[in-house]
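Please open the model in your viewer and keep the sequence panel at hand, since each stop on this tour begins with a selection.

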Amino acid sequence: MMTQEQLLSVAKEYGSPVYVYDADKITSQYNRLINAFKVDNLRIHYAVKALSNISILKLLNSLGCGLDTVSVQEVKLGLAAGVDPGKIIYTPNGVSLEEIEEVVKLGAQINIDNLSILEQFGSRHPEIPVCIRINPHVMAGGNSKISVGHIDSKFGISIHQMPHLLRIVENTGMHINGIHMHTGSDILDIGVFLHASEILFEAARNFSELEFIDFGSGFKVPYREGDIETDIEDLGLQLTERFNSFCKEYGRELTLAFEPGKYLVSAAGKFLAKVNVIKQTTSTVFAGIDTGFNHLIRPMFYGSHHEITNISNPEAKARFYSVVGYICETDTFGNNRRISEIREGDILSFSNAGAYCFSMASNFNSRYRPPEVMWYKGQAHLIRERETFEDLTRHQVEMNFESLNKELANKN
Ligand SMILES: *Cc1c(COP(=O)(O)O)cnc(C)c1O
């Protein structure tokens, strides 16, 4: 990982706030996955929505990683990064048939997650193989906002609807080449994952032309000391054995697929912000920084914990702070945090800032979105510029009330 001096040098060169991604960490996470699953055919599809910078996609592509996409725009980003469309899977939810057809033309693998679209798609394009997203109704545990396996979830086709699904496949003559599940983020327990996998294997027996089984993601990464981390190596041992025995029974070597986002990029990212002001109230010391939930929304949106370190003053005595943003909303990054003494002008570093941080940033309060930097082989490379005032106005169309009113007055 990058040292505090290296992080400070990035903040100095590119200003604050700024996102930094450590390419080595992304690479080592990818290799850990590859080494954990010892099957003949393994395909990792990186979930683009976690962090969609083209240079990140290019880095992952160079490692051999494919992409998991949820919009036609993400598919196009992948193609722009040079990814082979055959290595892109498209797993949308609630999109139109027209968008799916657009993605078919781009050559990506289609994954369908509801019976209505399955029937319409199968009727129109029976020759195009599709993957189906099954909801095994297994709760991933953890935060309910990121759990998508429950019975009333909008994601996937319920396993209980298999008879209807099979009827659609038969009636349309369509080809199912893959079967998929994604039960949400934060798998705390491998047993739960393996249980869901059994349901997927059971479902897979209904289809004779499968090429792959995609187990989605939900790999948990630690956000603070003592957090549970999905034991990838243990999962690898157990699922590999089970998968290989299923393939034997099925009579064909299938590809084992996953689509992690967080696991690949979360820990690789740091978000650096500068302290504008220290403010004391009767009970609290606030450290106000030059950012807000416009740049990093996870703490406010999900209640996520991001470790905060004062990299400008790491050796000082620790004190308690509430770290807050500069926008006109309550935007608390961390309450009652023990951080080495903070002075105005210090740079604070947020950990786990790779996944769902920049990609969820906005222009709220008309602030510019921050730059992104890739740390690659000991050097910083700018991979996105800080926005400018022109970015705020670019697509706005100004009304000319004066001439409009004149025109209207003349008409009357
Ligand atoms: C978001 C998403 C992922 C990635 O989830 P992580 O928790 O970031 O690993 C994978 N698959 C699908 C279909 C998704 O929507």
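## Starting from a buried valine

V72 counts as buried, at 4% relative accessibility, and this is a suitable place to begin in what is a predicted model. Selecting V72 brings up helix α4, which covers residues 72–80. If you then add E315, which is 243 residues away along the chain, a line drawn between the C-alpha atoms of V72 and E315 spans 48 Å.

## The second largest pocket

Next, display the second largest pocket, which holds about 290 Å³ of space. Its lining is made up of 17 residues, of which R43, G86, Q109, N177 and F212 are the closest to the pocket centre, so selecting these five is a convenient way to centre the view. Colouring by secondary structure then shows which elements give two or more residues to this lining, namely β2 (42–47), β4 (88–90) and β5 (109–112). When the lining of the second largest pocket is coloured by residue class, nine residues are nonpolar, six are polar and two are charged.

## The largest cavity

Turn now to the enclosed spaces, of which two cavities reach 30 Å³ or more. The largest cavity contains about 50 Å³ of space, and to outline it you can select P92, G94, V95, I100, N111, I112, D113, N114 and I117, which form its lining. By class, the lining of the largest cavity comprises five nonpolar residues, three polar residues and one charged residue.

## Salt bridges

The model has 11 salt bridges in total, and a few of them are worth selecting one after another.

Begin with R124 and E101, a salt-bridged pair in which the closest N and O atoms are 3.1 Å apart. Because R124 belongs to helix α6 (residues 115–124) while E101 belongs to helix α5 (residues 97–106), this pair ties together parts that are 23 residues apart in sequence. With the surface switched on, E101 is seen to be buried, its relative accessible area being 14%.

Move on to R369 and E387, where a salt bridge brings the closest N and O atoms to 3.0 Å. This pair also links distant parts of the chain, 18 residues apart, with R369 in the loop between β16 (347–350) and β17 (372–376) and E387 in the loop between β18 (379–384) and α12 (389–393). Are the two partners buried or exposed? R369 is partly exposed, with a relative accessible area of 26%, whereas E387 counts as buried at 15% relative accessibility.

Then select D391 and R394, whose side chains meet in a salt bridge with an N to O distance of 2.9 Å. Here D391 is partly exposed, at a relative accessible area of 27%, and R394 is exposed, at 53%. To finish with the charged pairs, select R32, E229 and E233 together, as salt bridges with shared partners join these residues into one network.

## A nonpolar patch on the surface

With the surface still shown, select M399, F401, L404 and L408, which form a nonpolar patch with about 400 Å² of accessible area together. Within this selection, F401 sits in helix α13, which runs over residues 401–411. F401 has a relative accessible area of 52%, and therefore falls in the exposed class, for which the cut-off is over 50%.

## Backbone geometry to inspect

Most residues other than glycine have a negative phi, and most peptide bonds are trans. The last three selections depart from these patterns and are best viewed with the backbone drawn as sticks.

Select S16 and P17 first: the peptide bond from S16 to P17 is cis, with omega near -5 degrees. P17 is placed in the loop between α1 (4–14) and β1 (18–22).

Select N336 next, a residue that has a positive phi of about 55 degrees although it is not a glycine. N336 is part of strand β15, which covers residues 332–340, and it counts as exposed at 56% relative accessibility.

End at K377, another residue other than glycine with a positive phi, in this case near 50 degrees. K377 is located in the loop between β17 and β18, and at 66% relative accessibility it counts as exposed.

Notes: Residues are numbered from 1 along each chain as its sequence is written. This is a predicted model: local features need pLDDT of at least 70, side-chain atom pairs count only at pLDDT 80 or more; totals for chains, interfaces and linings use all residues. Side-chain values use heavy atoms; hydrogens and water are left out. Patches are made of residues with over 30% relative accessible area and no salt bridge: like charges are joined within 9 Å, nonpolar side chains (Val, Leu, Ile, Met, Phe, Trp, Tyr) within 5 Å. Accessible areas come from the Shrake-Rupley method with a 1.4 Å probe; for residues, only the protein chains shown count as cover. A salt bridge is a side-chain nitrogen of Lys or Arg within 4 Å of a carboxyl oxygen of Asp or Glu. Helices (H or I, at least four residues) and strands (E, at least two) are DSSP runs, numbered from the N terminus. Buried means under 20% relative accessible area, exposed over 50%, partly exposed in between (1.4 Å probe, protein chains only). On a 1 Å grid over the protein atoms alone, a cavity is a set of points where a 1.4 Å probe fits but cannot get out, and a pocket is an open set with protein on both sides within 12 Å along at least five of seven lines; lining residues have an atom within 4 Å of a point. Grid points are joined across faces, edges and corners, and a volume is the space filled by probe spheres set on the points. Ala, Val, Leu, Ile, Met, Phe, Trp, Tyr, Cys and Pro count as nonpolar, Asp, Glu, Lys and Arg as charged, and the others, Gly among them, as polar.
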